[in-house]
Each structure stands twice: as C-alpha cells, then as structure tokens.
Amino acid sequence: MNRQETLQHYKENPEVSVLIVGAGVNGVGTFRDLALQGVDVLLVDRGDFCSGASAASSHMVHGGIRYLENGEFRLVREAVQERNHLIQNAPHYVKPLLTVIPVFKWFSGIFNAPLKFIGMLTKPSERGAIIIKIGLIMYDAFTRKQGTVPKHQFKPRGVTLGEFPKINPKIRFTARYYDGAMHTPERICAEMLLDGEAAYKNANALNYVSLERASGNTVTLKEEITGESFVVRPQVLINAAGPWIDFANEKIGFQTQFIGGTKGSHLILNNPELRAAIGENEFFFENKDGRIVLIYPMKDKVMVGTSDLPIENPDDVHCTDAEIDYFFEMVPLVFPNIHLSREQIVFQFSGVRPLPKADVNNPGQISRDHSIRVTEPDDGLDFPIYSLVGGKWTSFRAFSEEVADKSLELLNLSRKVSTRDLAIGGGRDYPKTVVAQEKWRGTLANKTKIPAERIYELFERYGTRSQPIAEYISQGIDTLIKSLPGYSQREIEFIVQKEKVIHLDDFFIRRSMVAKLGQLSSSNLDEIANIIGNYLKWSDIQRNQEIQRTHQVLVEMHGIVLERE
Ligand SMILES: Cc1cc2nc3c(=O)[nH]c(=O)nc-3n(C[C@H](O)[C@H](O)[C@H](O)COP(=O)(O)OP(=O)(O)OC[C@H]3O[C@@H](n4cnc5c(N)ncnc54)[C@H](O)[C@@H]3O)c2cc1C
C-alpha cells in the first residue's frame, strides 16, 4: 500500500493490535519483529524515520567497554554479542572497526575502578594501561564463542610511532581491539522497516504522523503533511519515543519521569591530514575531563565526538560553540601538530541519549541498559503502555525481541521467527568473500548492461539491495546527476518510490550520506529537488518550499550554510 492507501485503510479499519509511537531503531526493531510474527502493527513517527537519537549516535556498534567500570556486565556482554550479530546480519553497513586506545600512563585508574563499582568515586578519572588491559580481557571473554572479530592487542611505543607518525610522542602504548562501524544508521532503519512491511501485509510504517492524544480505547494521530487527524484502536501502545517518552506519555494523560537524557554532539571534518593520520582506525581516548571521546574515520572525512551534557527538552538540541571548542581542544591530545579550523566542519549533529532518570553527579555513571516500563490500563485508558527506556543502538535487536515477546504474551500469541540470525535489507544473500562479491557484481552488470564501475558504486552503497535498484535503472533512460557524480536520476527515483521519502531533506540527510559527507551544494540541491519533485508531483511553490526547508534544517540542526551559486 502507498501512503494514501495506508492512511485510508486505518480510517476505515481503526482496530490494530499494536501501535508503536517513535521510529528510531527501537521502534523499528520492534515493528520488524512483530511483523515477522504476523501481528498487525502500525509504526508512526512525527518526523522522518531514524531522525532522533538513532541518527545522532557515535556510529559505533560496540559493547561499550567503558561501561564495565560502572559494573554493567550484563549490558556489555549482550551488546558485544549483538555487535557480532549485526556485523553478520547487516554486512553491507556494519563493518569491523579497529579501535585504538592511546595510553599515556601505566597505573592510573586501577584503584579507581573498584571504587566506582561500589559508588565511592563519581568523577571520571584517567585510565592507565593496567585497567584498560583488564577491561579488554573481559571484553574478549564475552565474545569468545562467536569469534567474529580478532582479540585485543597491546603495541609498545616504538611500534605505535612507526604506524602513526603524527601521534603524540608522549605515548607509552596503544591498545587495539575490534568493534563495529556503521556509517548509515538511517539506512539500516529504513531497510529494516521495509523488511517488516514485506513480512506481513498488516504491518505498516508511516513517517510524519504524530501521536496527539488518547482516551478510552482510542488514540488520535495527526498526519503532519495535511494536518488531518485520524484514530486507531490498539490493544497495546508501545511508546518508543526515545528522549521524548515522557512528553508522549503526557499527551496520553500520564505524568511519567522515566527519562533523564543527556545531549551528545559530533562534528564531521574535512581534514585530509587528520584523516590520513588515523588510517582506517577509530581512536578512542580520554579527554582532559576524563570523558571518553573519539576520532573516527567516516569515508574520506573524520568524525569527532562526543559530549555528555544534561538537557531538559530534547527539541532544543544543537551543537554549541562551546562543544566545538571542546572537540578542537581534545584532538591535539593525541595529534598535537594537526591544525583544525571551523571551516573544515562539513556537518554537525546532536542528539539526546534516552537514558533512565537517575540521581548522579556525573552523566557518565547513568546506566546505559534498557528496560520496559509498563503503565497499566486505568480509568482513562483501556490498554497498557510499554515505554522503552534507554538502551544502545547496538543492542536494539535484543531489546526489540524482549518488547515483542511481552506484546505477544499480552495478545496470547507465540513467537514464530527469531531475528537473531536474520539478515537486514541489502545484507540478505550478501556475498561473503571478495571473489564472491566480484562474481555477484559481474552477474548483475551482465544482466542489466550497467557498467561495472557503476555497479560497484551501487553495491558499496546498498549491498544486495543494489540488485532491484540496478534492475530499475536498466529499465529506462538514466542520467548521472551533473552536480553529484556517483548518483543517478533513476537511482534517486527508486529510493523516493520505495523508501517513503516525503521531504527533500529525507533524501539528503537520511536515505543517503550526501549531506553528512559535505557533498551537498546549492546546485545538487536544485537538480535533485527537480527529480524528486517531478516524481512526487510537487508544484513550483512546493518545490521551492522544500528547498527552503532543507536550507533551514541544515542551518538549524547541522550548522551548515550552503553558498548560493
Ligand atoms: C550522542 C549519542 C551517541 C550515541 N552513541 C552510540 C553508539 O555509538 N553506539 C550505540 O550503540 N548507541 C549509541 N547511542 C545510543 C543510541 O543511539 C540510542 O539509545 C538509540 O538510538 C535510541 O533509539 P530510540 O528508538 O529509543 O529513540 P529515537 O531514535 O530518539 O527515536 C524516537 C522517535 O520518536 C519520535 N517521536 C517523539 N515524539 C513523538 C510523537 N509524539 N509522535 C510520534 N513520534 C514521536 C521521534 O521523532 C524519534 O524519531 C548514542 C546516543 C546519542 C544521543
């Protein structure tokens, strides 16, 4: 069903077993899981899919080695295992990432860690070689059986300086271990929700539909494009609104205080010297204030982050000048002679971690684990609400499974399919070796008559989803985008048609990496607005409004002013 048909369907049939509010990774993961079990489920988001915390992560698929010092062994074990599943289930988007911890001290931290476990030390403090070694041994132990990534290593100063000539010469060691990198969390979410829709005919996902209010057995939703409201009658409402969970509960008449979110920001820099200095490795280290920060390779750019600051209203989130200063002071701790400047920032983003409300002095101490908070039916509402609090991007599948199981129990249904080893989107039938990938691409090039280099590009961008894209491209006259080589008209049409693009910025910021990698310009904005506008039948006025909207989103949320050409 297309969007209009889906909306019409719910206007005529408002009964739905499960309504999920919020299409971040936890909402989308739960949606896919329930759809696979044959549950009729509606997923809505007031904005685009994966536009909240799930788009603002550090793009690490990780166990969270740092959480060991808060005693979060369960979480780390689960997250390491989920990291391995994601590397296997979404190999087109989640790749093993060699993480380097520069170590400047031998012993600090070893006495602090036990104090932290028993709650006597609340401030972050510098971690020395020994404590990092202990953490990495535990980390390896959690993942031993799966063996998806190699074990950690320690490299002495001489070897480190040989490999990273620009690193701070005060270095004593580097510790190395593997985690996972995902450059496009937004695409993982988009492909996962399409998998959910494909799994069951009564599973539907709608972006730009918000929760308005609820009473009795009825929830009122608002379609944000037309402003029209409609109602649905669920048996359970899953509140997956992330940092907005308490705001969403308030709309349905419940005062909750589940969330005590903290803000984190990141910058993406065009700094070829820094990019060359880090190689294909993430550098993960302590800033002067003891916070763990990162320098991360993102295609030909470098991402730096992150902050951890209390915030009242997640709608106020944006990266401040003070945070930019913080990042610019942190990079020289590891690479003292590399010059950074504000002109090198091509994109910036901020989000709020939906952490559980906690009474602690230091945000780093708040648990990163997840939980389902149940609000039982009462005089005002006939159905329960399951609020999904906390959790890591990495462990969304395990969290979603827990939520789906709880919903199945309520609905008196049983699980039919496990998501543990289930491929996501273009990770399905993904050729595992370089030779197999070449063969796969060769077959597709032969079949579609599309040049091998272009097939390579599509495969890198979409995994095996490049097959339906290439087939669609080959069925008509295609032209490359003049101002954005590497993308073509029919490729963009396919994405718009199949991936629920509503606004221009959905394409630039979430279905593609164009904005994130600083490839957006006024010319390609205009050229692609024409393609998307023709396809979606925008009037000239709508097209101009969409261009304006994209400029505004870029300035307000991502600190980017595009020069008008
Ligand atoms: C700075 C930062 C760094 C992080 N780094 C990592 C990392 O490297 N690795 C990792 O594993 N995890 C990381 N995380 C954690 C992870 O990103 C989040 O825990 C996870 O994405 C939360 O997903 P969610 O689906 O619960 O919330 P969200 O992604 O925020 O989704 C909630 C959705 O609800 C929607 N919504 C809100 N109100 C309404 C309403 N009234 N009606 C309809 N929809 C509504 C919003 O639009 C939003 O899309 C990080 C988080 C942040 C913020």
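Here are some exercises, each with a worked solution, on the ligand site, a pocket, a cavity and two backbone details of this predicted model.

**Exercise 1. Work out which residues sit closest to the ligand, and which polar atoms meet it.**

Start with the shell. There are 38 residues around the ligand, and D45, S54, M60, G391 and T394 are the closest of them.

Next, look at the atom pairs. D45 puts a polar side-chain atom 2.6 Å from a ligand oxygen. S54 does something similar, with a polar side-chain atom 2.5 Å from an oxygen atom of the ligand. With R46, it's the backbone that matters: one of its N or O atoms lies 3.1 Å from a nitrogen atom of the ligand. Each of these pairs falls within the 3.5 Å cut-off for a polar contact.

Finally, check the cover. On its own the ligand would expose 1,000 Å², and the protein buries 97% of that.

**Exercise 2. Find where the ligand lies relative to the domains, and say what its shell is made of.**

Begin with the elements. α2 (25-36), β8 (209-215), β11 (262-269) and β16 (345-353) each give at least two residues to the shell.

Now move up to domains. Shell residues come from both domain 1 (3-53 + 186-260 + 368-410) and domain 2 (62-182 + 261-356), so the ligand lies between these two.

Then sort the shell by class: 15 residues are nonpolar, 18 are polar and five are charged.

**Exercise 3. Describe the second largest pocket: its volume, its lining and its place among the domains.**

Volume first: this pocket holds about 1,200 Å³ of space. Its lining counts 48 residues, and N2, R3, V496, Q497 and K500 are the closest to the centre.

Which element gives the largest share of the lining? That's α1, with six residues. Other elements that supply at least two residues each include α7 (185-199), β10 (229-239), α15 (489-498) and α18 (540-558).

By class, you'll find 19 nonpolar, 15 polar and 14 charged residues in the lining.

To place the pocket, follow the domains. Domain 1 and domain 3 (429-558) both contribute to the lining, so the pocket lies between them.

**Exercise 4. Track down the enclosed space inside the protein, and name what lines it.**

A quick reminder helps here: rolling a probe the size of a water molecule over the atoms shows where empty space is left.

Searching the whole structure turns up one cavity of 30 Å³ or more. The largest cavity has a volume of about 50 Å³.

Now for its walls. R32, E82, H85, L86, N89, F396, R397, T419, L422 and I424 line the largest cavity. α3 (73-89) gives the largest share, four residues, and α11 (396-410) supplies at least two. Split by class, the lining has four nonpolar, three polar and three charged residues.

Where does the largest cavity lie? Domain 1 and domain 2 both give residues to its lining, so the largest cavity lies between them.

**Exercise 5. Locate a cis peptide bond and a positive phi angle in the backbone.**

Take the peptide bond first. G305 and T306 are joined by a cis bond, with omega at about 0°. T306 belongs to the loop between β14 (301-305) and β15 (309-310).

Then turn to phi. K299 isn't a glycine, yet its phi is positive, at about 50°. You can find K299 in the loop between β13 (292-298) and β14.

Methods:
Residues are numbered from 1 along each chain as its sequence is written. This is a predicted model: local features need pLDDT of at least 70, side-chain atom pairs count only at pLDDT 80 or more; totals for chains, interfaces and linings use all residues. Side-chain values use heavy atoms; hydrogens and water are left out. A residue is near a molecule or strand if one of its heavy atoms lies within 4 Å of it. A polar contact is a pair of N or O atoms within 3.5 Å; within protein, one must be able to donate a hydrogen and the other to accept it, and residues adjacent in sequence count only if both atoms are side-chain atoms. Accessible areas come from the Shrake-Rupley method with a 1.4 Å probe; for residues, only the protein chains shown count as cover. Ala, Val, Leu, Ile, Met, Phe, Trp, Tyr, Cys and Pro count as nonpolar, Asp, Glu, Lys and Arg as charged, and the others, Gly among them, as polar. Domain bounds come from an automatic or database domain assignment. On a 1 Å grid over the protein atoms alone, a cavity is a set of points where a 1.4 Å probe fits but cannot get out, and a pocket is an open set with protein on both sides within 12 Å along at least five of seven lines; lining residues have an atom within 4 Å of a point. Grid points are joined across faces, edges and corners, and a volume is the space filled by probe spheres set on the points.
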